[in-house]
Amino acid sequence: MNPLTPEERAILDLEKRTWKYPGSKERAVRRELGIPATQYYMRVNALIEDPRAIREEPELTRRLREQRDRLG
């Protein structure tokens, strides 16, 4: 199985960070990844179901899936 790409790893790393102010995360996504927030969240949702991401970040992916399912 292929490892995560550098961009996929960066997405997961952004998800690990805490954000103090509204909009901070979206600004970081645009600045650090150069993609719109909607595309970012679509990628996050795909990643948290990806076996590679689950293997590398089991706690993070579980937390994000639970959060999505509660809101969803």
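1. Let me open with a residue on the surface side of things: lysine 16 counts as partly exposed, at 43% relative accessibility. Its partner aspartate 13 is also in the partly exposed class, at 34% relative accessibility. The two form a salt bridge, with the closest N and O atoms 3.8 Å apart. Since this is a predicted model, please read that distance as a property of the prediction. The cut-off for a salt bridge is 4 Å, so the 3.8 Å pair of lysine 16 and aspartate 13 counts as one.

2. Where do lysine 16 and aspartate 13 lie? Both are in helix α1, three residues apart, which is about one turn of the helix. In general, an α-helix has 3.6 residues a turn, so residues three or four places apart point the same way.

3. Next comes a pair that reaches out of a helix. Arginine 17 forms a salt bridge with glutamate 32, and the closest N and O atoms are 3.0 Å apart. Arginine 17 sits in the loop between α1 and α2 (24-33), while glutamate 32 sits in helix α2, so the pair ties together parts that are 15 residues apart in sequence. Relative accessible area is 37% for arginine 17 and 39% for glutamate 32, and each is partly exposed. As for connected pairs, Arg9, Asp13, Lys16, Glu56 and Glu57 are joined into one network by salt bridges that share partners.

4. How many salt bridges does the model hold? The count comes to 14. One of them joins the side chains of glutamate 7 and arginine 43, at 2.7 Å from N to O. This pair links distant parts of the chain: glutamate 7 belongs to helix α1 (residues 6-16) and arginine 43 to helix α3 (residues 37-47), 36 residues apart. Glutamate 7 is partly exposed, with a relative accessible area of 30%, and arginine 43 is partly exposed at 24%.

5. You may like to look at α3 from both sides. Tyr40, Val44 and Leu47 are buried in this helix. Seen down the axis of α3, its buried residues fall within an arc of 65 degrees, so they line one face of the helix. Thr38 and Met42, on the other side of α3, are exposed. Which elements cover the buried residues of α3? The cover includes α1, α2, α4 (51-56) and α5 (58-71).

6. The aromatic side is brief: the structure holds one aromatic pair. Tyrosine 40 and tyrosine 41 meet edge-to-face, 5.1 Å centre to centre and with 75 degrees between the planes. Is each ring's residue buried or exposed? Tyrosine 40 is buried, with a relative accessible area of 0%, whereas tyrosine 41 is partly exposed at 30%.

7. Finally, the whole chain. There are five helices and zero strands, and from the N terminus on the elements run α-α-α-α-α. The radius of gyration is 12 Å, close to the 11 Å that the globule rule gives for 72 residues, so the chain is as compact as a globular protein of that length. Its C-alpha trace spans about 35 × 30 × 20 Å along the principal axes.

8. Some totals to keep at hand: buried residues make up 32% of the 72 residues. Among contacts between residues at least 6 apart in sequence, 49% join residues at least 24 apart. The accessible surface comes to about 4900 Å², and 54% of that belongs to carbon and sulfur atoms.

Key
Residues numbered from 1 in each chain as written. Predicted model: local features only at pLDDT ≥ 70, side-chain atom pairs only at ≥ 80, totals over all residues. Heavy atoms only, no water. Helix = DSSP H or I, 4+ residues; strand = E, 2+ residues; numbered from the N terminus. Buried < 20%, exposed > 50% of the residue type's maximum accessible area, 1.4 Å probe, protein only. Phe/Tyr/Trp six-rings, centres within 6.5 Å; stacked < 30°, edge-to-face > 60°. Arc of directions from axis to C-beta. Contact = heavy atoms within 4.5 Å. Rg over C-alpha atoms; globule rule 2.2 N^0.38 Å. Areas by Shrake-Rupley, 256 points an atom, 1.4 Å probe, with all protein chains shown as cover.
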